[in-house]
Amino acid sequence: MYYHNFDIVFQEVPGEISLCFSISGCNMQCPGCHSPFLWKEGNGCLLTQPAFEDFLKQYKSLASCVVFMGGEWHENTLIQYLKLAKSYSYKTCLYTGQNNVSNGLLKELNWIKTGSWKQDLGGLDSPSTNQKFIEVKTNKILNHIFIKNKYDDTPF
């Protein structure tokens with residue numbers, strides 16, 4: 001499994017500081033995709049288990065969650081890495097363009113974002129999106145967390 005980007009992110013899982021791995025090899029190829037470089041399998045660096053574990057150790061006291069942007073097409077490896085993240089007390093999340101993933105994957109996740117990118121519907125911050133951000137344990141859709149209140153004029 002190859003990752004093209006590694007970032008520390010704050011928005012993908014509200015309330016969490018997340019280690020985010022963008023996995024290459026996405027076959028969805030959504031029109032308007034912001035990351036078409038992720039379509040080609042093998043782009044980026046090989047995410048070996050020792051390298052992944054080094055990330056987990058390095059950021060243990062700084063981050064609380066691990067997010068995979070894709071990778072469900074490497075199901076066995078992804079499950080293994082999610083279990084490893086949980087063993088280091090990280091919460092886990094998967095962003096997928098699919099509408100469903102296997103029960104084996106769901107079992108290892110705290111959150112999942114489902115749904116392909118449809119430019120005319122927007123992302124999680126759009127009330128008209130087709131995407132869903134779901135808390136796996138309760139099966140609650142939490143999209144409302146991403147939608148900014150139009151009356152909120154709090155400066156940031």
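Student: Which side chain of opposite charge is nearest to Glu72, and how far away is it?

Tutor: In this predicted model, local features need pLDDT of at least 70 and side-chain atom pairs count only at pLDDT 80 or more, while totals for chains, interfaces and linings use all residues. Residues are numbered from 1 along each chain as its sequence is written, and side-chain values use heavy atoms, leaving out hydrogens and water. Glu72 is buried (under 20% relative accessible area; exposed is over 50% and partly exposed in between, with a 1.4 Å probe and protein chains only), yet Glu72 has no salt bridge (a side-chain nitrogen of Lys or Arg within 4 Å of a carboxyl oxygen of Asp or Glu). With Lys and Arg counted as positive, Asp and Glu as negative, and His and the chain ends not counted, the nearest side chain of opposite charge is Lys113, 8.5 Å away.

Student: Where is Glu72 placed, and which residues is Glu72 in contact with, leaving aside its neighbours within four places in sequence?

Tutor: Helices (H or I, at least four residues) and strands (E, at least two) are DSSP runs numbered from the N terminus, and Glu72 sits in the loop between S4 and H2. Contact means heavy atoms within 4.5 Å. Leaving aside neighbours within four places in sequence, the partners of Glu72 are Leu78, Leu94, Tyr95, Thr96, Gly97, Gln98, Val101 and Leu105.

Student: How many salt bridges are there by this rule?

Tutor: One joins Lys91 and Glu16, whose closest N and O atoms are 2.9 Å apart. That pair links distant parts of the chain, with Lys91 in strand S5 and Glu16 in the loop between strand S1 (2–9) and strand S2 (18–23), 75 residues apart. Another joins the side chains of Glu108 and Lys86 at 3.0 Å, N to O. The count comes to two.

Student: In the pair of Glu108 and Lys86, why does Glu108 count as buried and Lys86 as partly exposed?

Tutor: The pair links distant parts of the chain, with Glu108 in the loop between H3 and strand S6 (111–114) and Lys86 in helix H2, 22 residues apart. Glu108 counts as buried because its relative accessible area is 6%. Lys86 counts as partly exposed because its relative accessibility is 36%.

Student: What span does helix H2 reach, and which of its residues are buried?

Tutor: Helix H2 (residues 75–87) has 13 residues, and its reach from first C-alpha to last is 18 Å, close to the 18 Å expected (1.5 Å times one less than the number of residues). What covers its buried residues includes helix H1 (49–58), strand S4 (65–69), strand S5 (91–95) and helix H3 (103–106). So the span is 18 Å, and the buried residues are Leu78, Ile79, Tyr81, Leu82, Leu84 and Ala85.

Student: Which element gives the largest share of the largest nonpolar core?

Tutor: A nonpolar core is a set of buried Ala, Val, Leu, Ile, Met, Phe, Trp, Tyr and Cys residues joined through side-chain atoms within 4.5 Å. Of the 27 residues in the largest one, Phe21, Leu47, Phe52, Leu56, Val66, Phe68 and Tyr90 touch the most other members. S2, H1, S4 and H2 each supply at least two residues. The largest share, six residues, comes from H2.

Student: How many disulfides are there?

Tutor: A disulfide is a pair of cysteine sulfur atoms within 2.5 Å. Cys65 is in no disulfide, since the nearest cysteine sulfur, that of Cys93, is 5.7 Å away. Cys65 counts as buried at 0% relative accessibility, and Cys93 is buried with a relative accessible area of 0%. The count of disulfides is zero.

Student: What is the phi of Ser89, and what is the phi of Asn139?

Tutor: Most residues other than glycine have a negative phi. Ser89, in the loop between H2 and S5, is exposed at 58% relative accessibility. Asn139, in the loop between S7 and strand S8 (140–141), is exposed at 58% relative accessibility. Phi is positive in each case, near 70 degrees for Ser89 and near 65 degrees for Asn139.

Student: How far apart in space are Pro127 and Leu46?

Tutor: Pro127 is in the loop between S6 and strand S7 (132–135), and it counts as exposed at 71% relative accessibility. Pro127 and Leu46 are 81 residues apart in sequence. In space, C-alpha to C-alpha, the distance is 37 Å.
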